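Biologist: I've got a chain here that I'd like to understand piece by piece. Could you show it to me and then take my questions?

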Amino acid sequence: MARPDLVLTGGTVVSSTGAHRADLVVHQGRVAALQPSGSACAAAQVIDVSGRYLLPGLIDSHVHFRQPGLEHKEDWVHGSRAAVAGGVTTVIDMPNTRPPLSSPADAWTKHRLVDGASLVDYRFHAGVDPADVSRVAAFTGREAGSVKVFLSGHHTAPEVVRDPVALDRICGLLADRGLTMVCHAEHDDVFALLDRWRGEPGSARDYESHRPRTAGIVAVAQLIDLARRHGTRIHVLHVSGREEADLLTAAAAVGLPVSFEVTGHHLTFTDADIEGLGSLIRLRPAIRDPADRDRLWQAVLERHALTVGSDHAPHTLAEKRRPAAQAPPGLPGVQELLATLYTGLVARQPGAGPAQLLPIVVRLLAEGPAQLFKLEHRKGALEPGRDADVVVFDPTRADPGAPRRIHAKCGWSAYSGLDFQGTVELTLRRGMVAYRRGTDEDFFGTPGGIWL
Ligand SMILES: [Zn+2]
């Protein structure tokens, strides 16, 4: 090998199956080799990462970076800064922008918008035009390998597929083309029926009971039936309730092509937190009760969930402070994603150390999404030949009252005041420094993210 560009020496490299001491050799943006710890290597640059853990760059397959059209909430400059500060080096962005992304041409337009502004590599989920669902057939996998379907809507998600015949057609088209369906699985008719009967919610606390688990259970049952009939690959996003987790786990166990995501916020908060945080944790699906949160953690630990996503969906504080019915659901979370998962794992597995817990993180935030969204040839593991996306993580350092510095454009975090365990010290994207944690301020590299 020619003299490599960089060696990270003295650290512990984490995969989904374990953690072992090794020096990580980086050349031309890729992992060139893993060598025995301390083996002499004349690299252009050597970074001592003794005592730290090296994770593959994390993949957040569920972000809303809000461009085009909603730049007052978030943009790619701020969103990708928040991402790399949290160890995320690849994102898959959602289509519910203004205008929405519903054609291959829209994907190219968004790429031109993002190009030169992003610190992270990226893909897009395509959207569905409810007025003409056959338009999804135009996606080839280059522009988008996955299609987002909203079965219920809200302030920033008006493109809802309510017609069961149209949904059937979408599933057939996606199955034919080998595209994955990612789904907001709450059945809109259920909410409409309940609202007609008892009216709109009057307060933040009311709101959660007006958007109950019933709609999620109905939608998940419907999707399982569609997966059975069409063979469509369906990934259910932000599962919030125990019944949905049970149904999807059971369906996957009999071989149906279904899987699911849980989010950092559903793993962290319960309905008891709504009293203090109000509409900051007004979310769709809603935050549920402690038994639901326990079931989501079981899904994390027992391999029921395939991915953990942030559903990074920022709004301004002024928007969140509107009266209950007008406060839009969503919160920023890409910066806090790793911290919420790792902190929760430490709390729930008190006997385990980082060498046992971090492989779970890698499975859900790197390997799982890389596999589902066909990024494995480049992303998801620190193996020779793959991109040198690396997170240098110190599990012993804590961030009390975290996050210490908020990089999302909206400038607030529902997690402020919580204690996060572990910190990201350095994030490399294809061998280049994308983020370095500083004492007084954080350093960010040059936005050079590419469309994967
Ligand atoms: Zn979302």
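Biologist: How many residues of domain 1 are in contact with domain 2, and with how many residues there?

Modeller: Keep in mind that this is a predicted model. The domain assignment splits the chain into domain 1 (6–54 + 383–444) and domain 2 (58–372), and their C-alpha centres lie 26 Å apart. Across that boundary, the count is 33 residues of domain 1 with 39 residues of domain 2.

Biologist: Which strand gives the most to the side of domain 1 that touches domain 2?

Modeller: Strands E2 (12–14), E16 (390–402), E17 (418–429) and E18 (432–436) each supply at least two residues to that side. Sorted by class, the side has 18 nonpolar, ten polar and five charged residues. The top contributor gives six residues, and that's E17.

Biologist: Where does E17 sit in its sheet, and what stands opposite Leu-428 in E18?

Modeller: The sheet is open, with seven strands in the order E3-E2-E7-E16-E17-E18-E19 and mixed pairing. Its edge strands are E3 (19–21) and E19 (443–444), each pairing on one side only. E17 comes between E16 and E18 in that order, and E17 pairs with E18 in the antiparallel sense over four bridges. Opposite Leu-428, in E18, stands Val-433.

Biologist: Which helix packs on that sheet, touching E16 and E17?

Modeller: Look for a helix whose direction makes about 130 degrees with that of E17. The one that fits covers residues 337–348. That's H12.

Biologist: Are H12 and H13 parallel or oblique to each other?

Modeller: The axes of H12 (residues 337–348) and H13 (residues 354–372) come within 10 Å and cross at roughly 140 degrees. The crossing is right-handed. Angles over 145 degrees would count as roughly antiparallel, so this pair is oblique.

Biologist: What classes of residue make up the contact of H12 with H13?

Modeller: On the H12 side you'll find Leu-338, Leu-341, Tyr-342, Leu-345 and Val-346. They meet Leu-357, Ile-360, Val-361, Leu-364 and Leu-365 in H13. By class, no residue there is polar or charged, and ten are nonpolar.

Biologist: How do H6 and H7 lie: roughly parallel or roughly perpendicular?

Modeller: H6 (residues 213–230) and H7 (residues 242–253) have axes 9 Å apart and pack at an angle of about 10 degrees. Angles under 35 degrees count as roughly parallel. That makes the arrangement of H6 and H7 roughly parallel.

Biologist: How many charged residues are in the contact of H6 with H7?

Modeller: H6 brings Arg-213, Gly-216, Ile-217, Val-220, Ala-221 and Ile-224, while H7 brings Glu-243, Glu-244, Leu-247, Leu-248 and Ala-251. They divide into seven nonpolar residues and one polar residue, and the number of charged ones is three.

Biologist: Now the sheet of four strands. Why do E5 and E6 each have one side without a neighbour in the sheet?

Modeller: This open sheet has the order E5-E4-E1-E6, with mixed pairing. Each of E5 (30–35) and E6 (45–48) has just a single partner strand. One side of each is therefore left without a neighbour because of where they stand: at the edges.

Biologist: What is the bridge partner of Leu-8 in E4?

Modeller: In general, strands of a sheet pair through backbone hydrogen bonds, either parallel or antiparallel. E1 (residues 6–9) and E4 (residues 23–27) pair in the antiparallel sense, over three bridges. The partner of Leu-8 is Leu-24.

Conventions:
Residues numbered from 1 in each chain as written. Predicted model: local features only at pLDDT ≥ 70, side-chain atom pairs only at ≥ 80, totals over all residues. Pairing = 2+ DSSP bridges. Axes fitted to C-alpha atoms, helices over the stretch in contact; angles between N-to-C directions. Parallel < 35°, antiparallel > 145°, perpendicular 65-115°, else oblique. Left-handed = near helix turned anticlockwise from the far one by under 90°. Contact = placed C-beta atoms within 7 Å. Nonpolar A, V, L, I, M, F, W, Y, C, P; charged D, E, K, R; others polar. Domains from an automatic or database assignment.
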